[in-house]
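User: I would like to learn how to read a structure step by step, beginning with the place where two chains touch. Could you take me through it?

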Amino acid sequence: MTALGKLFRTTTFKLTLVYLTVFALFAAFLLGYFALNTRRLITEQITDTVNAEITGLSEQYRLGGVRRLVAVVDARARRPGSSLYLVTTFAGESLAGNVTSLPPGTLDNAGWTETAYRRLDESDSAEHPEHRALARVFQLPGGFRLLVGRDLDERERLYNIVISAGRWSIAIVIVLGLVGGLFVTRRVLRRVDAMTETTRTIMQGDLGGRLPVAGTGDELDRLAENLNLMLERIEALMHGLKEVSDNIAHDLKTPLTRLRNRAEQALRSAKKESEYRAALENTIEESDGLIRTFNALLMIARAESGQARENMSEFDAAEIAHDIGELYEPLAEEKGIALKVEAETPAPLNGNRELISQALANLVDNSIKYAEPRNGTVNGGPAEIVVRALSEGDRILLTVADSGPGIPEADRSRVIERFVRLEQSRSKPGSGLGLSLASAVARLHGGELTLADNNPGLKSIIALPRGGPVQIGG
Amino acid sequence: MRLLVIEDDRDAADYLVKAFREVGHVADAATDGDDGLAMALGGQYDVLIVDRMLPKRDGLAVIGALRAKGMETPALILSALGQVDDRVKGLRAGGDDYLPKPYSFSELLARVEVLARRRVGRSEETVLRVGDLKLDRLSHQVHRGQDEISLQPREFRLLEYLMQHAGQVVTRTMLLENVWDYHFDPQTNVIDVHISRLRSKIDKGFSLPLLHTVRGAGYMIRDGAR
């Protein structure tokens with residue numbers, strides 16, 4: 001597509017053409033109407049003047065006969081810019097007037113006629129071209145004929161001026177319209193081209209690209225700004241995805257490698273059946289761990305994609321707190337931790353019961369894992385975990401507070417990410433997905449997971465809007 | 001027990017058939033939905049093991065067709081889709097249990113045996129007995145011999161479930177699903193601790209233990225004399 005062809009094909013240019021045609025037609029109509037009316041008006045004026053003169057002259061004839069008429073005509077004919085006069089006998093012999101070179105027979109019929117003529121004082125036919133006149137021939141009593149007329153040059157000149165003015169103005173309208181249209185179109189086209197160029201580089205994989213914003217705040221700018229916001233979101237998502245796949249590669253490949261190594265080792269060196277059995281049991285255990293990690297990842301992905309929104313129902317968060325507390329209490333006790341639940345008042349909530357239970361279970365599990373006391377006490381006090389469910393304004397808070405070592409403030413937002421496990425905890429069992437899942441579940445419900453200081457210890461808070469997630473449009 | 005495995009992956013089907021035969025059951029296999037439906041309608045099976053995604057006729061459709069014909073053979077759905085709502089969909093379509101892939105054979109076996117036994121209708125009894133352990137479902141009282149044992153409500157339900165399936169292996173996930181109504185996998189094995197608490201209440205001080213751990217599978221309550 002040539003540059004010009006592209007220009008002509010734009011919407012802006014097509015609109016320009018349509019408007020141009022409409023305006024040009026309108027101007028032509030207006031000017032034509034004006035020209036015709038002017039012409040008609042001048043003709044009327046001429047007719048009126050001629051009629052008045054004929055009335056006047058025939059009155060003179062009636063009063064003073066042909067002699068007086070001739071005298072008056074002579075006098076009038078000599079005035080500059082005068083009308084055209086001719087008085088003839090019945091035979092056509094000229095008695096007075098300032099007109100000559102009339103086509104023969106002009107005077108034979110009374111009434112209006114448009115005719116060619118020359119003035120008497122310019123009878124030299126070579127030098128002066130014929131003029132045209134609108135004249136009236138009047139039959140006087142006694143056989144004389146009187147012709148009175150007006151030159152039509154003025155009318156024609158005016159008419160021509162109007163017509164040519166019309167032509168010029170239409171030409172100018174068209175030229176200016178085309179030039180303006182092309183200019184605007186090219187400007188728009190340039191910006192659209194710049195956007196197209198950027199989107200093309202983005203499509204080729206450069207997600208950092210942004211559409212140019214001219215800063216004028218017009219519709220193209222608004223479009224570009226919105227598209228840029230969309231690109232930012234996409235870039236963030238892609239970044240997250242890349243991080244996740246890197247993490248998955250690492251955290252799934254490590255146990256897979258271990259699994260493979262053990263199987264290989266058993267094949268190579270196991271001698272007795274019991275050794276093979278042990279190796280196989282080990283393999284199953286290891287693959288169970290992998291399956292668990294995989295399930296957790298799928299669950300997070302599902303929560304993040306918002307698919308689980310379908311399974312929302314009304315339930316009491318306090319009940320969940322009691323249930324989960326009850327589920328984990330024996331485990332905590334076994335580890336020397338006192339697990340308490342403080343959720344006396346109902347905290348009604350709209351959400352996915354199963355997922356919220358699991359999120360809370362993960363937090364409790366986490367706390368039990370890390371708040372395990374050494375020598376019976378943690379940080380000098382008895383080890384304890386408190387699970388709470390309370391309503392606060394239009395939010396429901398599910399909190400798990402422990403007296404463990406806590407998480408340094410700098411690491412708090414990081415540990416929520418998938419697979420992130422702090423160095424100190426590498427030795428503990430777990431996939432590093434528990435907090436990620438809790439966070440994904442909270443976000444699914446339009447809430448959030450925050451980690452705070454329990455002085456000492458960790459306080460994990462899931463804050464959820466009471467009415468459930470607000471559907472985000474689009 | 002006669003079992004029908006409807007599974008399109010021939011390897012998986014062969015593996016299951018072989019494994020079921022090894023533990024003493026009779027098992028057949030079908031590899032697509034139409035064959036599976038025909039075999040299920042024709043044969044006297046105790047439990048059907050149905051893969052969810054099958055060629056020709058979807059697993060849920062097979063179960064739906066069976067139920068429409070009045071066949072109440074218990075069906076366990078195997079599926080790669082393991083989320084709660086998939087499970088709900090499966091059970092709503094007429095399945096009796098749902099096991100996400102990948103599964104362990106011991107888990108599948110335990111569930112199949114529970115399904116097969118359920119037809120006998122033990123769940124209606126008001127007093128459950130295993131050896132000298134007695135659980136009264138109406139008065140919520142538990143006795144071992146002459147001694148009354150006091151249990152927390154959840155412990156009572158745990159024991160009730162175990163006793164309903166006395167002599168059968170009950171897995172940890174089955175307990176979590178049926179006693180706690182959770183379908184997720186707790187990262188730590190919380191169930192073990194509940195069991196050991198229960199065990200200390202019902203077995204401690206008695207010469208004959210009733211609550212047994214089945215290695216690699218789960219738990220079983222059983223009269224040791226048997």
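Analyst: Let us start with the contact between the chains, keeping in mind that this is a predicted model. Chain B brings 18 residues to the contact and chain A brings 20 residues. On the side of chain B that touches chain A, the elements giving two or more residues are α4 (84-92) and α8 (190-202) of chain B.

User: Which element gives the most to the side of chain B that touches chain A?

Analyst: That is α8(B), with 4 residues.

User: How should I describe the way in which two helices pack against each other?

Analyst: Two packed helices are described by the angle between their axes and the distance between those axes. In chain B, helix α6 (residues 153-164) packs with α8(B) at an angle of about 85°, and their axes are 11 Å apart. Because angles from 65 to 115 degrees count as roughly perpendicular, α6(B) is roughly perpendicular to α8(B). The residues that make this contact are B:Glu155, B:Leu158 and B:Leu159 on α6(B), together with B:His194, B:Arg197, B:Leu198 and B:Ile202 on α8(B).

User: At what angle do the axes of α5 and α9 of chain A cross?

Analyst: The axes of helix α5 (residues 273-305) and helix α9 (residues 434-444) of chain A cross at roughly 20°, and they come within 8 Å. Since angles under 35 degrees count as roughly parallel, α5(A) is roughly parallel to α9(A). The crossing of α5(A) past α9(A) is left-handed. From α5(A), the residues A:Ala296, A:Met299, A:Ile300, A:Ala303 and A:Glu304 meet A:Ser436, A:Leu437, A:Ala440, A:Val441 and A:Leu444 of α9(A).

User: How can the length of a helix be checked, and what does the check give for helix α6 of chain A?

Analyst: The idea is to compare the span expected at 1.5 Å a residue with the distance between the end C-alpha atoms. For α6(A), which runs over residues 317-334 and has 18 residues, the expected span is 26 Å and the end C-alpha atoms are 26 Å apart, so the two agree. This helix nevertheless bends by about 40° at A:Tyr328, and a proline, A:Pro330, follows within four residues. Buried residues of α6(A) include A:Ile320, A:Ile324, A:Leu327 and also A:Tyr328 and A:Pro330. After α6(A) comes A:Gly336, which has a positive phi, near 80°.

User: What does the length check give for helix α5 of chain B?

Analyst: Helix α5(B), residues 105-118, has 14 residues and reaches 20 Å from its first C-alpha to its last, which is close to the 20 Å expected. Among its buried residues are B:Leu109, B:Val112 and B:Leu115, as well as the charged residues B:Arg111 and B:Glu113.

User: Is A:Asp121 buried or exposed?

Analyst: A:Asp121 is exposed, because 11 other C-beta atoms lie within 10 Å, and a residue counts as exposed at 12 or fewer. A:Asp121 is found in the loop between β4 (111-119) and β5 (131-139) of chain A. Its C-alpha atom is separated by 7.5 Å from that of A:Asn98, although these residues are 23 residues apart along the chain.

User: How many helices and strands are there in each chain?

Analyst: Chain A has 9 helices and 15 strands, while chain B has 8 helices and 12 strands. Of the 474 residues in chain A, 26% are buried, and of the 226 residues in chain B, 41% are buried.

Definitions and conventions
Residues numbered from 1 in each chain as written. Chains lettered and ligands numbered in written order. Predicted model: local features only at pLDDT ≥ 70, side-chain atom pairs only at ≥ 80, totals over all residues. Expected span 1.5 Å × (residues − 1). Bend = angle between axes of the 7 residues up to and from the residue. Buried ≥ 20, exposed ≤ 12 C-beta atoms within 10 Å, placed from the backbone. Axes fitted to C-alpha atoms, helices over the stretch in contact; angles between N-to-C directions. Parallel < 35°, antiparallel > 145°, perpendicular 65-115°, else oblique. Left-handed = near helix turned anticlockwise from the far one by under 90°. Contact = placed C-beta atoms within 7 Å.
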